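Work through the exercises below with the sequence and the model in view. Try each task before reading its solution.

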Protein chains: 2
Amino acid sequence: MEPRHTEVTVSASSSAHAAPRYDSVDCRRVSQLLARVGDKWTVLIVQALGGGPKRFNELKRLIGGISQRMLTLTLKNLERDGLVTRTVTPSIPPRVDYELTDLGHSLREPVDALGDWALAHMARIDAARERFDQTLAD
Amino acid sequence: MEPRHTEVTVSASSSAHAAPRYDSVDCRRVSQLLARVGDKWTVLIVQALGGGPKRFNELKRLIGGISQRMLTLTLKNLERDGLVTRTVTPSIPPRVDYELTDLGHSLREPVDALGDWALAHMARIDAARERFDQTLAD
DNA sequence: CAGCATCCGGGTGGATACTG
DNA sequence: CAGTATCCACCCGGATGCTG
């Protein structure tokens with residue numbers, strides 16, 4: 001792991017508010033990235049490719065529920081961002097393999113962190129939603 | 001431009017290629033959460049509230065560029081998910097304070113991780129995009 | 001000050017049909 | 001098999017105007 005900043009993270013405790021680690025400009029970029037990563041399929045594809053190179057229809061089956069249009073588009077975006085490589089083998093029938101780059105692999109770490117958070121707190125969120133929707137029904 | 005990036009020592013917690021840490025169902029939920037978190041304003045609001053409780057227009061000014069419609073909607077979603085509390089002080093003029101819950105604060109950690117990733121690799125992504133767009137222009 | 005209601009333009013994403 | 005092309009429904013989100 002990179003020994004980047006030793007700054008204290010929030011860890012929901014006594015020292016209420018952590019200093020803002022990002023200025024507003026940074027937040028925009030982060031927000032943009034999250035919008036890209038947070039689109040409907042990117043994470044699914046990255047996670048699917050986390051297990052190694054995959055072919056087009058292999059990915060399609062693996063993910064399930066994705067249209068080939070969206071698979072194509074999302075893969076193209078990932079390739080454009082340098083997160084995925086596209087390797088064509090001009091045979092008949094043609095063969096195309098998609099694989100995560102180092103950059104793509106490195107993305108899995110923070111995404112997994114968010115995944116862990118989601119799994120750890122999903123129950124609380126669902127409960128909060130039910131409570132909220134319930135008190136609205138009055 | 002040599003990829004001089006710290007090859008993530010995945011041996012720490014999870015291995016790169018081996019067992020997926022999430023099944024497909026988990027991935028859906030993670031994906032859904034990312035879609036929520038990755039919407040246009042959620043992260044900006046969470047980060048703004050990271051500095052402590054804020055009032056409605058205070059948030060609006062702080063974030064800048066957000067319409068009150070979206071601020072209202074996003075705050076309501078955050079409240080529904082139990083990430084933010086809404087405290088009304090019935091005075092004239094009325095006063096409403098928004099504050100991160102413990103759950104909301106805990107979200108900042110993984111989000112910051114993604115933010116660090118974005119800031120660390122944004123240059124590479126931009127470069128990759130330029131290269132990609134360039135080779136398409138041929 | 002802190003919203004809600006309404007209208008509306010653009011983008012996202014599914015379904016379908018066709019190609020090399 | 002691995003796409004491209006087209007059409008279209010939906011919804012996100014901005015602008016505006018009005019309330020308590």
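The exercises go from one chain to a sheet and then to the two DNA strands.

This is a predicted model, in which local features need pLDDT of at least 70, side-chain atom pairs count only at pLDDT 80 or more, and totals for chains, interfaces and linings use all residues. Residues are numbered from 1 along each chain as its sequence is written, chains are lettered from A and ligands numbered from 1 in the order in which they are written, and side-chain values use heavy atoms, with hydrogens and water left out.

**Exercise 1.** State how many helices and strands chain A has, and in which pattern they follow along the sequence.

Solution. Helices (H or I, at least four residues) and strands (E, at least two) are DSSP runs, numbered from the N terminus. Counting them in chain A gives five helices and three strands. Reading along the sequence of chain A gives α-α-β-α-α-β-β-α. As for burial, 42% of the 138 residues of chain A count as buried, that is, under 20% relative accessible area with a 1.4 Å probe and protein chains only.

**Exercise 2.** Find the strand order of the open sheet in chain B, and say why one side of β1 and of β2 has no neighbour in the sheet.

Solution. Two strands pair if DSSP finds at least two bridges between them. The three strands of chain B are ordered β1-β3-β2, with antiparallel pairing. β1 (54-55) and β2 (84-89) of chain B are edge strands with a single partner each, so one side of each lacks a neighbour in the sheet. Next, take the pair β1(B) and β3 (residues 95-100) of chain B: two bridges join them. Within this sheet, B:Lys54 has B:Tyr98 of β3(B) as its bridge partner. Finally, helix α2 (residues 42-49) of chain B packs on the sheet and touches β1, β2 and β3 of chain B; contact means heavy atoms within 4.5 Å. The direction of this helix makes about 95° with that of β3(B), where axes are lines fitted to C-alpha atoms, for helices over the stretch in contact, and angles run from 0 to 180 degrees between N-to-C directions.

**Exercise 3.** Describe the protein surface near DNA strand D: which residues are the closest, and which element gives the largest share?

Solution. A residue is near a strand if one of its heavy atoms lies within 4 Å of it. DNA strand D is surrounded by 19 residues, the closest being A:Arg55, A:Arg86, A:Tyr98, B:Arg69 and B:Met70. α4(A) gives the largest share of this surface, with four residues. For polar contacts to the DNA, look for pairs of N or O atoms within 3.5 Å. The side chain of B:Arg69 has an N or O atom 2.5 Å from a base nitrogen of DNA strand D. A polar side-chain atom of B:Lys40 is 2.9 Å from a phosphate oxygen of this strand, and for A:Lys76 the distance from a side-chain N or O atom to a phosphate oxygen is 3.4 Å.

**Exercise 4.** Do the corresponding work for DNA strand C: which element gives the largest share of the surface near it?

Solution. Among the closest of the 19 residues around DNA strand C are A:Lys40, A:Arg69 and B:Tyr98. The largest share, four residues, comes from α4(B). A polar side-chain atom of A:Arg69 lies 2.5 Å from a base nitrogen of DNA strand C. Phosphate oxygens of DNA strand C lie 2.8 Å from a polar side-chain atom of A:Lys40 and 2.9 Å from one of B:Arg55. Of the atoms of DNA strand C within 4 Å of the protein, 65% belong to sugar or phosphate and the rest to bases.

Definitions and conventions: Polar contact = N/O pair within 3.5 Å; in protein donor to acceptor, adjacent residues only side chain to side chain. Buried < 20%, exposed > 50% of the residue type's maximum accessible area, 1.4 Å probe, protein only.
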